[in-house]
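Here are some short exercises to work through with the structure open beside you. Try each task before reading its solution.

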Amino acid sequence: MSRPQVQDRFAARSTLDTLHGSAYYFRLAQLEDLGITTLARLPYSIRILLESLLRQCDGVQIAEDDVIRLAQWNAQAPQQREIPFKPARVLLQDLTGVPCLVDLAAMRDAMQARGGDINLVQPQIPVDLVMDHSLQVDHFGSDDALMLNSRIEMHRSRERYAFLRWGQSAFNKLRVVPPGVGIVHQVNLEYLTQGIWVVPAGDGDTSLVYPDTLVGADSHTTMINGLGIVAWGVGGIEAEAAMLGQPVYILTPEVIGVKITGKLPEGATATDLALTVTQTLRKRGVVDKFVEFYGPSLSQIALTDRATIANMAPEYGATMGYFPVDAGSLDYLRRTGRSAAQVALIEQYYRAQGLLRSDELPIPEYTDTLEIDLSSIEPSLAGPKRPQDRIALRQVKSTFQKALVAPISSGGYGLTDLKQRAAVQANGSGQDHGELEIGHGALVIAAITSCTNTSNPSVMIGAGLLAKKAVERGLRVPDYVKTSMAPGSRVVTEYLKEAGLLEALNTLGFNVVGYGCTTCLGNSGPLPQQVAQAVTGSNLVAAAILSGNRNFEGRVNPLVKANFLASPPLVVAYALAGTMDIDLVNDPIGSDLDGNPVYLRDIWASQQEVADVMAQSAKPETFERLYRNVEFSNPDWNAMSGVDNLLYDWNADSTYIQKPPFFDDAAPIQDICNARVLAIFGDSITTDHISPVGSISADTPAGRYLLEQGVERKDFNQYGARRGNDRVMARGTFANIRIKNRMLGEVEGGLTLHYPDGSLTTIFEAAMQYKQEGTPCVIIAGKEYGTGSSRDWAAKGPLLLGVRAVLAESFERTHRSNLVGMGVLPLQFKSGQNAQTLGLTGEELLTIEGIHAQMQPKQDVIVTVEKPDHSLFSFVVTARLDTVVDIDYYANGGILPTVLNRLLANGH
């Protein structure tokens, strides 16, 4: 790493005498000595941010006033002022990494075209890219599934991976973890983070010590908060700016303290706790806020359980779900193979800075607090459409049956015939157990998947013990259930094997299918043909259960309408039952070899059983061995050759990688006149609705484009894998099969009406027609627009469709920021107003006035509506340009043009 050029504007530099000699750090207590703050009252997460500002204060990007204002953080009324946060590193995965590097490659071209130095377009801080999002479950239920899926992944993704190999050579400070190692957030937890940075200082042989911090181009970057690392998910465009040395700006946050008391009862898992936290905090409302956990029972929560809770921060809406560093954090680092010297230095540094939490220290001041009693946690699931909709296990059957008949407008399925059945024979596993019948609620996918839970030995071992007991009782999974297990890292496979549990999981069809996000991401792969025909032919509400974090409509599999999140043991239990239409508390899960009923309670592992196995199987040397030289652990990746050239040689015929138009001249900031409504959406429109990540259908604009380019249907791959090609992604915007445009009533899919003729067409084709006509477009939506993944293409796509503004009742944090970052104006209705109350139908022309470069943060602007009869009315909305930085980005056409302009102007 290059030597940082540090300044010391508060005389905070101090020496730390370590086991390996002297190092220096920026002492937070100096701010206390100067009378600026009282550290003990600040939440630990704020203290970490404060250290970053203090250490990197240069009077330009970070001013002395930024340090002082954050040091004087007021719990009850944090100042509405942006914090220029410069993280220690950036984390990417392959689906976000490809478009990030595509943008940087295009920025180099733009730099050259404008006479600048292309060498300036280089990451200024370390960047880790973990390749985990491309693996699909094509093969399952067999010992060779891992090998076959990995082979297909390398074939499908060869062009993308070759591009990443070029990036690995072309960009400094980029470390790539190849396919087949694990899920990005688990690899980050187990290996990438060292907890602290020790780097050569800029003034000689001394070293500078500071905490690890990061931003990641993936929502669940927050998982590392469980280890006490300040980090959150940002859009890819913000990640690119951070890579190039620009601060990531956030408003000074409120910090909600969550007090943890009590002890988890038997039968409850970390997943159940995480789902309860998600439901509680989503109801409380923590969007744009930090959540920090404290209380007498915090020390009793295992680090891996903390990581499970922190991972779900995007689902409860918080920027972070932070657990301060304490003795449990240090113990985890030791158990996962970090050196004794490294852990000793972390403890020494965090103690010296007042960043090491213990039960004896004073509790910081929080904006608000709430309490979660662990003893009240009960076995739970979430679904069937949103992760915050927790259902107690005892209520799953009744809740699901109510959802079947509830109106679609109320989140149900609107069924009138609950007895519909279909015949299905086998699941493609090679077994033939005769013809079976399935009905509504039939479980066609059961997946142990996702970073949220596969990082946690307690629930993974719990699943293995349940499988072992089930096999011993003679229970088996019905043939129509597509079972899979995608551990978060190879370490999981090792400890399951060491514990003698892998064989039982294999017997039930939960063979390892690969190391990646798989089903949680939407890469569940196709259902076996007979199952797919049964589901579609009888219009069944089929179900999936996964140990994941996202169950939005259309995400898991296009044929599966009901999706439930659950702990890995419950995934196995429901797979054995083969249906969600069952009460596992009171109904038998199946029958043993003698015909006796077997209940869930008969095969559930106790906490002590799980603890005993964990103590025997999880060993530090396993982590050390499997992560040694991990960057070179995949022979197929090693065999790919990279091109040693700073400029990328774009291939005009590529269907994966194309030069994007984001550096073309942006339209000047001005009023938006006579815009057409491209679509009107309801509440909780997710980034999956806006820019789906899953399969591409042949009868969609994206599918037709690929066919025209000579791509065979079997090689379409997913939208997520095509993120390096703006032509595909623009066509895939608003193409989710479950999205509902209210201009068309309850019709599903990416359709709209083009006006003034009122013709029915796809959203993409209508947008292209409006572009030809020179007509700007707007999107209208309800509450929580843009929930879900921090998906930059959910902002890039609308921009390419000609969307100039989005009017919504409220925005999710990251997506609002992404819209600004792409030069799309987020506008928020005043309280009590929305499309319905204002009578907007989509037939109108909209003019938005008051847009200019001298706008103030959160300034009101006027929307004037011209109805088809030419009558006019107006209403006021708030421009969600929350900071002066937002206004600057928007005025320049987005973050990327802004950064390019700065590089050209400053020469660095």
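**Exercise 1. Find which residues of helix H23 are buried in this predicted model, and work out how they are arranged around the axis.**

Solution. Start with the helix itself, which spans residues 620–627. Its buried residues are Thr622, Phe623, Leu626 and Tyr627. Next, look down the axis: these residues cover an arc of only 110°, which puts them on the same side of H23. The spacing fits a general rule: an α-helix has 3.6 residues a turn, so residues three or four places apart point the same way.

Now ask what this side meets. The buried residues of H23 pack against three helices: H7 (184–192), H12 (327–335) and H17 (490–498). Finally, step just past the end of H23, where Asn629 has a positive phi of about 55°.

**Exercise 2. Locate Thr518 and Lys858, and decide for each whether the residue is buried or partly exposed.**

Solution. As background, most residues other than glycine have a negative phi, and most peptide bonds are trans. Take Thr518 to begin with: its phi is positive, near 45°. Thr518 sits in the loop between helix H18 (502–507) and helix H19 (529–537). With a relative accessible area of 0%, Thr518 is buried, given that the cut-off for buried is under 20%.

Turn then to Lys858, whose phi is also positive, near 55°. Lys858 belongs to the loop between strand E32 (845–849) and strand E33 (860–866). Its relative accessibility is 38%, so Lys858 counts as partly exposed.

**Exercise 3. Place the cis peptide bonds that lead into Pro384 and Pro756.**

Solution. The bond from Gly383 to Pro384 is cis, with omega near 5°. Pro384 is in the loop that runs between strand E16 (380–382) and strand E17 (390–392). For the bond between Tyr755 and Pro756, also cis, omega is about 20°. Pro756 again falls between strands, in the loop from E27 (751–754) to E28 (759–762).

**Exercise 4. Classify the aromatic pairs Trp232–Phe290 and Phe662–Trp793, and say which parts of the chain each one joins.**

Solution. The model holds 20 aromatic pairs. For Trp232 and Phe290, the centres are 5.9 Å apart and the planes make an angle of 45°, a tilted pair. Trp232 lies in strand E10 (residues 230–233) and Phe290 in strand E13 (residues 290–294), so the pair ties together parts 58 residues apart in sequence. Both residues, Trp232 and Phe290, are buried.

For Phe662 and Trp793, the centres lie 5.9 Å apart and the planes stand at 55°, so this pair is tilted. Phe662 is in the loop between helix H24 (635–639) and strand E26 (672–680), while Trp793 is in helix H29 (residues 793–800); the pair links distant parts of the chain, 131 residues apart. Phe662 and Trp793 are both buried.

**Exercise 5. List the members of the aromatic cluster that includes Phe163, then find which rings Arg55 and Arg165 lie over.**

Solution. Phe163 shares one aromatic cluster with Trp166, Phe171, Tyr648 and Trp650. Moving on to the arginines, Arg55 lies over the face of Tyr210, 4.0 Å from the ring centre. The charged end of Arg165 is placed over the ring of Trp637, at 5.1 Å from its centre.

Conventions: Residues are numbered from 1 along each chain as its sequence is written. This is a predicted model: local features need pLDDT of at least 70, side-chain atom pairs count only at pLDDT 80 or more; totals for chains, interfaces and linings use all residues. Side-chain values use heavy atoms; hydrogens and water are left out. Buried means under 20% relative accessible area, exposed over 50%, partly exposed in between (1.4 Å probe, protein chains only). Helices (H or I, at least four residues) and strands (E, at least two) are DSSP runs, numbered from the N terminus. The arc is that of the directions from the helix axis to the C-beta atoms. Contact means heavy atoms within 4.5 Å. Rings of Phe, Tyr and Trp (its six-membered ring) pair if their centres lie within 6.5 Å; planes under 30 degrees apart count as stacked, over 60 as edge-to-face and the rest as tilted. A charge sits over a ring if NZ of Lys or CZ of Arg is within 6 Å of the ring centre and within 35 degrees of the ring normal.
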